[in-house]
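Subject: The structure we talked about

Hi,

Here is the structure I promised you. Have a look at it first, then read on for what I found.

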Amino acid sequence: MRRTSGGRTVLRSLAGVLAATLVLGVAACGDDGDGEQGGVAQAGPTGVDDGSELTLWTRAPLEKQAKLLVEAYNASHQNKVNLTVVPNDDYVAKVGAAAGSDGLPDLFAADIVYVPNWVEQGLFQDLSSNVAGLSFKDTINKGHLAAGTKDGKEHVLPFVLDLSMLFWNKQLFKDAGLDPEKAPANLAEYAAAAKAVQATRKSGVYGTAAGLNCGGCLVFTWFPSIWASGGEVLSDDGRESKLADENAQQVYRTWADLWKSGAVLPASSGETGPTWTAAFTEGKVGLMFYPATLLSSTPFDVGVAGIPGPDGGASTFVGGDGIGVSKDSKKAAQAWNFLSWMMSDQAQVEVLAKNKDVVSRSDLANNRYAAEDPRLVTINQVAGKGDTPVAMNFQQAFNAPNSPWLTLVRNQVLNGSGDLQKDNEEITAVLQQ
Amino acid sequence: MDVNAPARPPSAPMRGRFRSGRQALLGWLYATPTAVFVVALFLLPLLIVVKMSLSRWPLLTGDQGINAPDNFTKAIDHRFFTDSVVFTVKYTVIATVLLLLLGLGMALLVQESSRWNNLLRASFLVPSALGLASASLLFYVLYSPYASPLAPVVDRLGITFLGSPNAALFSTVFLIVWRYAGFYMVLMLVGLQSIPADVFEAARSDGATRWQTFRRVTLPLLRPTLALTTVLCVTGSLLAFEQFYILTKGGPDNSTITVVQLIYMIAFQGQNDLGVAAALSVLVLAALVLLNALQMRAFRSEGN
């Protein structure tokens, strides 16, 4: 039995391979013909809406926003976008495998910090002539656009903006005798507030929390503290780390002190990312640096402000995902139709802003939904003061589970050991590879 | 094993009619399905990995041509290479010793068939029905200081499951023992039950104590089983990945990175270099082949 079925399977799979090769061959010939008219540059201002099926990949943390956008697009267009959501940790591997075998979807989003590298590797098609045709080009978020620009040509548009903001639980602030309407103005006040909440000694309630074993979380939440006081994290070319400077040291010292005082959620020390926001969302943490995309899914009354630095100020990490047309897409004109719609007032205001998300066009910052919720105005205002770091080896230097950045932070904050200058040089070494 | 069976025609007819061309052809024909699978599913991937290990092959751009032996030097010079090898060996020793001792102990405990023993056997074996990744996720929640039902107790006692290097190692070993002890118990049980009863009877009538029987009769006759389980356990532990990927991600502070995890990290998490990852895989493969050959030889020579 085994042998017979084995033999048949082999025959069948051989036949399958043969058929697939033929189909591929035919498809390839077909593309050559279409390529001339179907390129993204010739797509026209709004692309083509002819009932094509498009594929779109994104990673799990932005699933909610991606679903809303895709549903709204499918409801109002003949083209149909099929969304695939991939777990955060597997996304790079999946995109990499697809890129190597020329199997990328028509559209795919990428964590904005990976975009410079992926554009450099040629995973996205050049969108510059299409972007130039947009009347509101100058209002599109600069950080995202710059991350996807290579040799002056834009390859990527902002898909979803995710800003890191200071969130505080107003009820817990009240219980701790703090003013629930006033945000801590600098890191020292932040630490004092965390300790005050901790001092209420409520069971299961902690002052603050952070993803202390999650490089990406720490980049997202602590870089703004350095920027807020005028510091820098990287050199302009993204090849040198400045994370041993005075501003950065003050940030580490504040957190080391908080950790030692017991005002940080204990699970933070091992938190690798999947649940780094969970305790706050459940109302068990007084205040923390938190992603603005979660504003709509935080069920209780929270205050929102920019992330302060050691000397005050406010900044934010303009994160989230950029999106572009993949090098393998055969339906670039249709894909551009999705992208141009995505940047329109309709999508930005009636889909994103309505869901309390940040719009990626500054001219729409004061939309009618933002006007109803002053917190959204705050977020949109701080977005202008934020930053997006650009470096080729960002993933390896910061986001990877074994990154030198994680080693530096853990040494400084948790272990009270390690040589700051040496750890910082290790980051620079990786950035320069 | 039975996949290989068609490839080896019974040896007696082979010897007798070896010269007959038709027979040889028939033999090859029988062997073809297996041979095709071996070539397609084992040899070809292996060759691709070897080619990758000799080429510059970034994840996102694919094959960029031969650059041997750069990948091998980069793999060995990697800042986590030594750490990961040391940790993997340490983990393998701990896991193998614990699993084999517990497997044998449990097998001896439930050796006699009775109603209670059947229940015990079943309950020892139940964890084996769970996939390793699912089991790891289960323990991830159990160990989580935040989501675990044990959290209040753990919090009060100030214990951490995954927070320090040693705790993370032993928490993972506990998961592995829980998941695999039943499996090794079954293997040991099969070995124990293949020992003829009259040998034990003879030992007993000679006045041997329990310990003497175990030491001089059971253990020597169990040698083939011990060889099999050791090889399985050592190979499996050296290739440990899922449990650490899910439970610790190599942390805390890069203290629990196994070799396979390092391969994965190099390939997909940051460096994104399939060439270096493939070079490391080839090194691991060579080490495993060598180790298994040595193990087989050790058990065989002692047996003679």
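Here is a question to start with: how many Å separate the centres of domain 1 and domain 2 of chain A? Taken over C-alpha atoms, the answer is 27 Å. Before you go further, keep in mind that this is a predicted model.

Let me stay with chain A for a moment. The domain assignment splits up its sequence like this: domain 1 takes 47-162 + 319-385, and domain 2 takes 164-318 + 391-431. The two do touch: 24 residues of domain 1 are in contact with 21 residues of domain 2. On the domain 1 side, the elements that give two or more residues are helix H4 (115-120), helix H6 (142-147), strand E6 (157-169) and helix H15 (374-385) of chain A. H15(A) gives the most to that side, with six residues. Sorted by class, the side of domain 1 that touches domain 2 has ten nonpolar, eight polar and six charged residues.

Now for chain B. Its secondary structure comes to 14 helices and zero strands, so to speak a run of α after α when you read the elements from the N terminus on. Along the principal axes, the C-alpha atoms of chain B fill a box of roughly 75 × 70 × 30 Å. Of the 304 residues in chain B, 30% are buried. If you take the contacts in chain B with a separation of 6 or more, 72% of them are between residues 24 or more positions apart.

The UniProt record (an unreviewed entry) has the annotation "transmembrane region" on residues 24-50, 91-110, 122-143, 167-190, 225-246 and 274-294 of chain B. I looked at two of these spans in the model. Residues 91-110 of chain B are 95% helix and 0% strand, and their end C-alpha atoms lie 28 Å apart. Residues 122-143 of chain B are 73% helix and 0% strand, with end C-alpha atoms 26 Å apart.

Last, the place where the chains meet. The contact takes 28 residues from chain B and 29 residues from chain A. On the chain B side, helix H2 (21-53) and helix H13 (259-268) each supply at least two residues. The largest share there, three residues, comes from H2(B). By class, the side of chain B that touches chain A has 15 nonpolar, eleven polar and two charged residues.

Shout if anything is unclear!

Cheers

Key: Residues are numbered from 1 along each chain as its sequence is written. Chains are lettered from A and ligands numbered from 1 in the order in which they are written. This is a predicted model: local features need pLDDT of at least 70, side-chain atom pairs count only at pLDDT 80 or more; totals for chains, interfaces and linings use all residues. UniProt positions are given in the numbering used here, feature names are shortened, and annotations may be inferred rather than shown by experiment. Helices (H or I, at least four residues) and strands (E, at least two) are DSSP runs, numbered from the N terminus. A residue is buried if 20 or more other C-beta atoms lie within 10 Å of its own, exposed if 12 or fewer, and partly exposed in between; C-beta atoms are placed from the backbone. Two residues are in contact if their C-beta atoms, placed from the backbone, lie within 7 Å. Ala, Val, Leu, Ile, Met, Phe, Trp, Tyr, Cys and Pro count as nonpolar, Asp, Glu, Lys and Arg as charged, and the others, Gly among them, as polar. Domain bounds come from an automatic or database domain assignment.
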